[in-house]
Amino acid sequence: MRKGQALPRRKHLLRDIRRHASVYLLLLIPFAYYVIFKYIPIWNGQIAFKDFMALDGVLGSRWVGFDNFVTFFKSFYFWELLRNTLFYSFGKLFVSVPLSIILAVVLYECIHPRLGRVVQTLAYLPHFLSWVIIYGILLVLLAPGDGIINDLIKARGGQPIDFMTNTKTFPWIVIFSDAWQTMGWSAIIFIAALIGIDPSLFEAATVEGVTAVQRVWYITLPSIKPVIVTVVLLRLGTILDAGFNQMFMLYSIPVYSVADIIDTWVYRQGLLDFQFGLATAVGLFKGFIGLILLLVTDAIMKRVSDASIIR
């Protein structure tokens, strides 16, 4: 491109920027977010390969190579942490996603608009509750002394159960409380996909005399299959993020063997014991595993359903 041609284009670009200055100012907020919280930490990722000392800084800290990774892999709790993390991640995936799809289909097929709006609102509300509040709700329901469920058990002559500190019941409380909190909000994506289905497909099905169940199975679900695949792939990309906020609020020492996940272990080792290099190494490990799972799952989905988010 000649210099004489570049100048008018540059002036035209600057004029457009001034004309839409308000839009670009709004764009600065997400831009600053990604720079500060996404791209700058990439530079700090080298802490994983160093014996990081805050006074020495990132560049001044001693290089230790893969020692932090080896420390994590050889940890006595490594396999237990990995098992718990995968169990909760896949458990939440296999429970919350199907429930979200079912809720979306039920709301879409509901013939009473007012009832549908009430159910939809009630299903969305838990998303806006913090885990501190949800923990309080669980205590009201499940406390061994005066919890509502234990009161019912004792009224029928049974013995109270300490659900929150029982290694057999705690994992299911975690999975289903997460599904309760996220199900309504996750259903929004599927409801949006359902709205985009061509109504003529349902009209043709009605003419053919298909039942409501057949309509859902042969029209509704196949039509939103690409959205389902996308949601599953995105969840698999963060499969080792088992929910730190939830687990940190719900777990206690008696259930460490089934409740301690990678994130909670990193919190104790990395932040409380100031082992920042170790915490960063585990973060890189989680990201690498998530990338591998995402690529493998995407390849499988391409073969099975021709749906993919990676082109």
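Let me open with a pair of charged side chains, Arg268 and Asp260, which meet in a salt bridge whose N to O distance is 2.6 Å. I should say straight away that what we are looking at is a predicted model, and that the values I give today are to be taken with that in mind. Arg268 counts as buried because its relative accessibility is 17%, and Asp260, with a relative accessible area of 3%, is buried as well, since the cut-off for that word is under 20%.

How many salt bridges does a search of the whole structure find? The search gives 6, and I will go through two others besides the one I began with.

Take Arg62, which forms a salt bridge with Asp51, where the closest N and O atoms are 3.4 Å apart. This pair links distant parts of the chain, with Arg62 sitting in strand β2, residues 62–63, and Asp51 in strand β1, residues 50–51, so that 11 residues separate them. Arg62 has a relative accessibility of 54% and therefore counts as exposed, whereas Asp51, at 30%, counts as partly exposed.

The other pair is Asp241 and Lys286, whose side chains meet in a salt bridge at 2.7 Å, N to O. Here too distant parts of the chain are linked, because Asp241 belongs to the loop between α12 (225–237) and α13, while Lys286 belongs to helix α16, residues 276–305, and the two are 45 residues apart. Are these two partners buried or exposed? Asp241 counts as partly exposed because its relative accessibility is 43%, and Lys286 is buried, with a relative accessible area of 14%. This pair also belongs to a network of salt bridges, in which Asp241, Asp263 and Lys286 are linked.

Asp241 brings me to the largest pocket, which holds about 420 Å³ of space. Which residues come closest to the centre of that pocket? Of the 19 residues that line the largest pocket, the closest to its centre are Lys92, Asp178, Thr182, Arg235 and Asp241, so the aspartate I have just described in the salt-bridge network turns up here again. As for the elements behind the lining, α5 (78–109), α9 (170–195) and α13 (244–250) each supply at least two residues, and the largest share, 5 residues, comes from α9. Sorted by character, the lining residues divide into 6 nonpolar, 9 polar and 4 charged.

Helix α5, one of those that supply the pocket lining, also holds Phe78. Phe78 counts as buried, because its relative accessibility is 7%. It is worth looking at Phe78 together with Ile262, since the two are 184 residues apart in sequence and yet 8.4 Å apart in space, C-alpha to C-alpha.

A second pair of this kind involves Ile224, which lies in the loop between α11 (212–223) and α12. Ile224 is buried, because its relative accessible area is 1%, and its C-alpha atom is separated by 7.3 Å from that of Phe190, a residue 34 positions away along the chain. For contrast, consider Ser252, which is placed in the loop between α13 and α14 (256–259) and is partly exposed, given its relative accessible area of 24%. Ser252 and Gly158 are 94 residues apart in sequence, and their C-alpha atoms lie 25 Å apart in space.

Let me finish on the surface. There is a nonpolar patch there, formed by Val132, Ile133, Ile137, Val140, Leu141, Ile148, Ile149, Leu152 and Trp180, and together these residues have about 760 Å² of accessible area. The elements that give two or more residues to this patch are α7 (131–142) and α8 (148–155). Which element gives the most to the nonpolar patch? That is α7, with 5 residues. From helix α8 I will pick out Ile148, which counts as partly exposed because its relative accessibility is 44%; a value over 30% is what a residue needs to be taken into such a patch.

Note on methods:
Residues are numbered from 1 along each chain as its sequence is written. This is a predicted model: local features need pLDDT of at least 70, side-chain atom pairs count only at pLDDT 80 or more; totals for chains, interfaces and linings use all residues. Side-chain values use heavy atoms; hydrogens and water are left out. Patches are made of residues with over 30% relative accessible area and no salt bridge: like charges are joined within 9 Å, nonpolar side chains (Val, Leu, Ile, Met, Phe, Trp, Tyr) within 5 Å. Accessible areas come from the Shrake-Rupley method with a 1.4 Å probe; for residues, only the protein chains shown count as cover. A salt bridge is a side-chain nitrogen of Lys or Arg within 4 Å of a carboxyl oxygen of Asp or Glu. Helices (H or I, at least four residues) and strands (E, at least two) are DSSP runs, numbered from the N terminus. Buried means under 20% relative accessible area, exposed over 50%, partly exposed in between (1.4 Å probe, protein chains only). On a 1 Å grid over the protein atoms alone, a cavity is a set of points where a 1.4 Å probe fits but cannot get out, and a pocket is an open set with protein on both sides within 12 Å along at least five of seven lines; lining residues have an atom within 4 Å of a point. Grid points are joined across faces, edges and corners, and a volume is the space filled by probe spheres set on the points. Ala, Val, Leu, Ile, Met, Phe, Trp, Tyr, Cys and Pro count as nonpolar, Asp, Glu, Lys and Arg as charged, and the others, Gly among them, as polar.
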